[in-house]
Amino acid sequence: MSAATAPSTAPLGTPAGVEARIFAALAVFLAVVALAVTFWGLPALAMVALALVPLCFATILLITVGR
């Protein structure tokens, strides 16, 4: 296995480690949402969407401001 194809073994403080944490957290979040939707149906999906509205609003504001 070459260095280009080897799995990342970067420490968690490096940008690659932070990126890995973000992707892992996103995968866990999506798995939890999928399980909630299969268990409770559309009300669970609506609650998740409602909970993410402030995050989307903040993202739109940050893009508008230019950060």
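**Exercise 1. Compare the span of helix α1 with its expected span.**

Solution. Helices are DSSP runs (H or I, at least four residues), numbered from the N terminus. Helix α1 covers residues 15-40, which is 26 residues. The expected span is 1.5 Å times one less than the number of residues, giving 38 Å for α1. From first C-alpha to last, α1 reaches 37 Å, close to that expectation. Just after α1, Gly41 takes a positive phi of about 85°.

This is a predicted model, in which local features need pLDDT of at least 70 and side-chain atom pairs count only at pLDDT 80 or more, while totals for chains, interfaces and linings use all residues. Residues are numbered from 1 along each chain as its sequence is written, and side-chain values use heavy atoms, with hydrogens and water left out.

**Exercise 2. Identify the buried residues of α1 and an element that covers them.**

Solution. Buried means under 20% relative accessible area, exposed over 50%, and partly exposed in between (1.4 Å probe, protein chains only). In α1, Gly17, Val33 and Ala36 are buried. Their cover includes α2 (42-65). Across the 67 residues of the protein chain, 6% are buried.

**Exercise 3. Describe the nonpolar surface patch and the part α1 plays in it.**

Solution. Accessible areas come from the Shrake-Rupley method with a 1.4 Å probe; for residues, only the protein chains shown count as cover. The patch of about 570 Å² is made by Phe23, Leu26, Phe29, Leu30, Leu52 and Leu55. Both α1 and α2 supply at least two residues, and α1 gives the most, with 4. Phe23, in α1, is exposed at a relative accessible area of 53%.

Terms used
Contact means heavy atoms within 4.5 Å. Patches are made of residues with over 30% relative accessible area and no salt bridge: like charges are joined within 9 Å, nonpolar side chains (Val, Leu, Ile, Met, Phe, Trp, Tyr) within 5 Å. A salt bridge is a side-chain nitrogen of Lys or Arg within 4 Å of a carboxyl oxygen of Asp or Glu.
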